[in-house]
Amino acid sequence: MNAVTPPAELSGLEQLRAAFDPERPERAPGIGKTLGFTVIEIEEGRVVFGGHPDESVYNPIGTVHGGYAATLLDSAVGCAVHSALKAGQGYTTLELKVAYHRPMTKNTGPVRAEGRVVQLGRRAAFAEGRLVDERGRLYATATSTLLVFER
C-alpha cells in the first residue's frame with residue numbers, strides 16, 4: 001500500500017491510519033515532507049496537522065506564503081472527509097475558501113490545522129478548518145466542498 005493508491009477494501013479512516021503510520025514514515029504523502037508538516041491526530045470526521053513555518057515558506061514580502069496555510073487547511077479538511085468515508089468511496093475537492101486572519105512568520109512557532117466534517121452526504125461533503133498557534137491565536141480559517149464518489 002502507498003499513499004497514492006490506498007486499498008479500496010479499507011475504510012477512509014483505516015487508509016489514513018495506514019498512510020500516516022509512524023512505523024512506516026515512507027508512506028506519508030509527499031506534500032507533508034515538502035512543506036514540513038505532519039499529522040497529529042486522526043479520528044473519524046476530524047484530522048489535525050501540525051507544522052512549524054520557517055523562511056523556506058516565505059513570500060517576497062517577508063511573511064509565510066498564504067499557500068502554506070491553504071495547504072495545511074486543505075489537507076486537514078480533505079483528510080477529515082477522507083476519514084469518514086466507507087470502503088470503496090473516494091473524494092475530490094470541488095472548492096476551498098480560505099480566509100487569512102493574521103500573518104505568520106518564522107517566529108509564529110508551531111501551528112495546528114484542524115479539519116472537521118460538517119456534513120457528509122452520498123455525493124457531497126462539507127468541511128471546515130481552523131489554523132491556530134500554540135496559544136490558540138487564529139491565523140486562518142477554511143471551508144471546503146468535496147465530491148464523494150464510488151471508486
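Three helices and six strands make up the secondary structure of the protein, in a model that is predicted. Followed along the sequence, these elements appear in the pattern α-α-β-β-α-β-β-β-β. The radius of gyration is 15 Å, close to the 15 Å that the globule rule gives for 151 residues, so the protein is as compact as a globular protein of that length. Along the principal axes, the C-alpha atoms fill a box of roughly 45 × 30 × 25 Å.

The contacts and surface add to this picture. Among contacts between residues at least 6 apart in sequence, 65% join residues at least 24 apart. Of the 151 residues, 42% count as buried. The protein exposes about 8100 Å², and carbon and sulfur atoms supply 52% of that area. As for charge, there are 17 positive and 17 negative charges, and the mean positions of the two sets are 4 Å apart.

A single residue, S75, may now be considered in its setting. S75 belongs to helix α3, which covers residues 66–83. The relative accessibility of S75 is 14%, and S75 therefore counts as buried, since the cut-off for that class is under 20%. Within its surroundings, the side chain of S75 reaches the backbone oxygen of T71 at a distance of 2.9 Å. When neighbours within four places in sequence are left aside, S75 is in contact with F37 and F49. S75 is thus a buried residue of helix α3 whose side chain reaches a backbone oxygen, that of T71, and which is also in contact with two phenylalanines, F37 and F49.

Definitions and conventions. Residues numbered from 1 in each chain as written. Predicted model: local features only at pLDDT ≥ 70, side-chain atom pairs only at ≥ 80, totals over all residues. Heavy atoms only, no water. Helix = DSSP H or I, 4+ residues; strand = E, 2+ residues; numbered from the N terminus. Rg over C-alpha atoms; globule rule 2.2 N^0.38 Å. Buried < 20%, exposed > 50% of the residue type's maximum accessible area, 1.4 Å probe, protein only. Contact = heavy atoms within 4.5 Å. Areas by Shrake-Rupley, 256 points an atom, 1.4 Å probe, with all protein chains shown as cover. Lys, Arg positive; Asp, Glu negative; His and termini not counted. Charge placed at Lys NZ, Arg CZ, Asp CG, Glu CD. Polar contact = N/O pair within 3.5 Å; in protein donor to acceptor, adjacent residues only side chain to side chain.
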